[in-house]
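Hello,

Here is the structure I promised to pass on to you. Please open it next to this email, and then read on for what turned up in it.

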Amino acid sequence: MTNSSDLVDYALFAQDAYKRVDLSGAAQVGTYFNDAQIIRVMDEPTDGFYAVAYDTGTEIVIAYRGTDGVLSDAINGWGGGAGLWFSDQNQLAVEFFHEVN
């Protein structure tokens, strides 16, 4: 079972992914956040997709950021929200997962 300290760490990783809202704040591979090394970043602004992978030393944590903007979400994210796998964002999420693992 995951302890409450782990849950706080997961929340901090998610918050970090959301805080990086522009290119000047983009995560850099090899840097650290909360004692975890950033090992992979995918930023696809045309599809409204952003993900960061962190290596904590004991596990790899992936934080995905949601789409910003109603129009972008309607175009790129609705398929995933509807449980369908054909959306660009879903394909990018699977690609990112496989690149990290």
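**The cores**

The largest nonpolar core has 12 residues in all: Phe-13, Ala-17, Ala-27, Phe-33, Ala-36, Ile-38, Val-41, Tyr-50, Val-52, Tyr-54, Val-61 and Ala-63. At least two residues of this core come from each of α1 (4-19), β2 (36-44), β3 (49-55) and β4. There is also a second, separate core of 8 residues, with Met-42, Phe-49, Ala-93 and Phe-96 among them. Please keep in mind that this is a predicted model.

**The overall layout**

If you step back from the cores, you can count 4 helices and 4 strands in the protein. Starting at the N terminus, the order of the elements is α-β-β-β-β-α-α-α. The protein has 101 residues, and 34% of them count as buried. Its accessible surface comes to about 6200 Å², and carbon and sulfur atoms hold 56% of that. Now look at the contacts with a separation of 6 or more: 40% of them are between residues 24 or more positions apart.

**The aromatic rings**

How many aromatic pairs does the structure hold? The count is 5. A pair of aromatic rings is described by the distance of the centres and the angle of the planes. Take Tyr-64 and Phe-96: their ring centres are 6.2 Å apart and their planes stand at 70 degrees, so this pair is edge-to-face. The two rings come from distant parts of the chain, since Tyr-64 is in strand β4 (residues 60-65) and Phe-96 is in helix α4 (residues 88-100), 32 residues apart.

Are these two partners buried or exposed? Tyr-64 is partly exposed, with a relative accessible area of 33%. Phe-96, at 0% relative accessibility, counts as buried, and this residue is also one of those in the second core.

Ring pairs also join Phe-13, Phe-33 and Tyr-54 into a cluster, and these three names appear in the list for the largest core too. Try selecting Phe-33 in your viewer. Leaving aside residues up to four places away in sequence, Phe-33 touches Leu-12, Phe-13, Asp-16 and Tyr-54.

One last thing to find is a charge over a ring. The charged end of Arg-65 sits over the ring of Tyr-50, 4.1 Å from the ring centre. Tyr-50 is another member of the largest core.

Enjoy exploring, and write back with any questions!

Best wishes

Key:
Residues numbered from 1 in each chain as written. Predicted model: local features only at pLDDT ≥ 70, side-chain atom pairs only at ≥ 80, totals over all residues. Heavy atoms only, no water. Phe/Tyr/Trp six-rings, centres within 6.5 Å; stacked < 30°, edge-to-face > 60°. Buried < 20%, exposed > 50% of the residue type's maximum accessible area, 1.4 Å probe, protein only. Lys NZ or Arg CZ within 6 Å of the ring centre and 35° of its normal. Contact = heavy atoms within 4.5 Å. Areas by Shrake-Rupley, 256 points an atom, 1.4 Å probe, with all protein chains shown as cover. Core = buried A, V, L, I, M, F, W, Y, C linked by side-chain atoms within 4.5 Å.
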